[in-house]
Amino acid sequence: MPSRPAANAAALVPIFGDQLSLNLPSLRAADRSLDIVVMAEVAEETTYVRHHRKKIVFILSAMRHFAEELRIAGWRVHYVRLDDPENGGSFTSEVARAARATGARRILVTEPGEWRVLKMIESWREALALPVEILPDDRFIASAKEFAAWAGERKSLRMEFFYREMRRKTCLLMDGDKPEGGKWNFDAENRKPAKADLFIPKPLKFSPDRLTKDVIELVRARFPDTFGDLDPFWFGVTRADAERQLQHFLDTGLQSFGDFQDAMLLEEPFLYHSLLSPLLNAGLLDALDICRRVEAAYKAGRVPLNAAEGFIRQIIGWREYVRGIYWLKMPEYAQRNALNHTRPLPGFYWTGDTEMACLRAAIGQTRREAYAHHIQRLMVTGNFALLAGLDPHQLHEWYLAVYADAFEWVELPNTIGMSQFADGGLLASKPYA
């Protein structure tokens with residue numbers, strides 16, 4: 001049964017599906033004895049692109065588990081499920097309904113990850129006739145203002161130089177004011193081809209509990225024809241699951257991650273990749289904590305420097321960088337098409353029915369797992385789209401839909417800038433093809 005709000009809340013604290021962090025700024029600023037957390041599964045968010053069914057299950061199940069974690073911690077939580085007959089179908093309608101029921105006097109919210117959601121929140125002041133306080137999301141290492149200051153008047157924004165600033169700021173893999181090992185970047189050592197090997201680590205798979213099984217059946221009934229296989233579902237969905245996944249990677253995958261991070265191998269969808277991105281992007285892991293633990297593994301002699309540096313660069317370098325680009329250039333960035341590519345996305349991107357072997361393998365895996373590693377995305381599905389002149393906006397919506405870790409702030413710059421060169425070279429120095 002959906003939870004019912006208590007009356008007389010001082011503030012409502014809305015939390016979205018990519019903010020599942022106990023250290024969220026709005027939670028730190030709230031009073032758990034007076035304020036009420038609002039979480040809602042809404043049709044608007046499950047249908048604005050054709051999300052993979054496993055992605056929907058992952059986010060909704062993680063939200064339900066996080067709500068339970070908050071209740072155990074003493075918070076009052078108003079949780080609206082997707083099948084609640086009173087569900088209005090949007091965040092705005094559900095926050096408004098909770099405000100009426102509780103008599104809340106204000107809204108306290110952490111800035112969202114996506115532009116469209118920020119515009120929605122900014123409309124609440126007038127729509128709900130309540131004060132709305134939007135707190136900066138300090139879970140990231142670089143704020144949007146900090147990135148904008150770094151970007152300044154630069155005509156091109158190369159990740160490598162931003163990454164060096166993040167290394168200096170965090171002191172990760174630094175030897176005084178110089179990089180550990182004398183180089184900032186060990187990419188030249190990270191391009192080895194993988195070979196079939198019985199010792200390639202297998203992903204840690206989690207059995208669905210009662211809450212997750214309920215979500216699976218909800219999605220099965222409500223989205224029978226949506227993209228992607230639903231079974232088997234094995235993603236972790238709790239903070240404890242995320243911790244186990246991280247430790248599993250540190251113990252089994254990180255050692256060889258650097259050498260083979262750019263490799264592809266048929267019938268090996270995961271190789272030495274961490275599978276942490278869905279958990280990190282949903283808020284169940286902390287970026288800086290992950291990087292410090294990777295650094296500690298290097299300093300303890302358990303992993304080589306090229307592995308530690310290559311992984312840390314993906315998080316404090318690339319992940320932070322694309323978020324900075326997103327908030328610096330939105331909303332017009334989403335519509336950029338510097339190469340004037342207009343061909344529609346072929347149907348085989350949804351079906352995998354093509355004679356092109358690499359595309360068939362990558363898309364088939366995507367249908368099954370809601371996952372593909374960055375080389376499969378960039379070098380296979382992305383490079384084909386670039387060579388074929390596909391509409392970059394249609395491709396962006398496809399990537400946003402089909403991967404469990406895809407939120408617009410991280411996916412859009414990777415597609416428009418890195419993969420398709422549709423921003424004309426702001427992000428990448430040349431088209432990848």
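Helix axes here are lines fitted to C-alpha atoms over the stretch in contact, with angles taken between N-to-C directions. On that footing, in this predicted model, helix α7 (residues 159-170) and helix α13 (residues 305-329) have axes that come within 9 Å and cross at roughly 110°. Since angles of 65 to 115 degrees count as roughly perpendicular, α7 is roughly perpendicular to α13. On the α7 side, the residues that meet α13 are Met-159, Phe-162, Tyr-163, Met-166, Arg-167 and Thr-170. Their counterparts in α13 are Glu-309, Arg-313, Ile-316, Gly-317, Trp-318, Glu-320 and Tyr-321. Sorted by type, the residues of this contact come out as seven nonpolar, two polar and four charged.

Turning to the strands, β4 (residues 106-110) is mostly covered, with four of its five residues buried. β4 pairs in the parallel sense with strand β1 (residues 11-14) over two bridges, and Ala-11 stands opposite Arg-106 in β4. β4 also pairs with strand β5 (residues 132-135), again in the parallel sense, over four bridges. Here Leu-108 has Glu-133 of β5 as its bridge partner. Together with helix α5 (residues 115-128), β4 and β5 make up a right-handed β-α-β unit.

A loop residue rounds off the picture. His-273 sits in the loop between α10 (254-260) and α11 (277-282). Its relative accessibility is 12%, so His-273 counts as buried, the cut-off being under 20%. Neighbours within four places in sequence aside, His-273 is in contact with Phe-249, Phe-257 and Gln-261, as well as with Tyr-371, His-373 and His-374.

Key. Residues are numbered from 1 along each chain as its sequence is written. This is a predicted model: local features need pLDDT of at least 70, side-chain atom pairs count only at pLDDT 80 or more; totals for chains, interfaces and linings use all residues. Side-chain values use heavy atoms; hydrogens and water are left out. Buried means under 20% relative accessible area, exposed over 50%, partly exposed in between (1.4 Å probe, protein chains only). Contact means heavy atoms within 4.5 Å. Axes are lines fitted to C-alpha atoms, for helices over the stretch in contact, and angles run from 0 to 180 degrees between N-to-C directions. Angles under 35 degrees count as roughly parallel, over 145 as roughly antiparallel, 65 to 115 as roughly perpendicular and the rest as oblique. Ala, Val, Leu, Ile, Met, Phe, Trp, Tyr, Cys and Pro count as nonpolar, Asp, Glu, Lys and Arg as charged, and the others, Gly among them, as polar. Two strands pair if DSSP finds at least two bridges between them. A crossover is right-handed if, with the strands pointing away from the viewer, the path from the first strand over the helix to the second runs clockwise.
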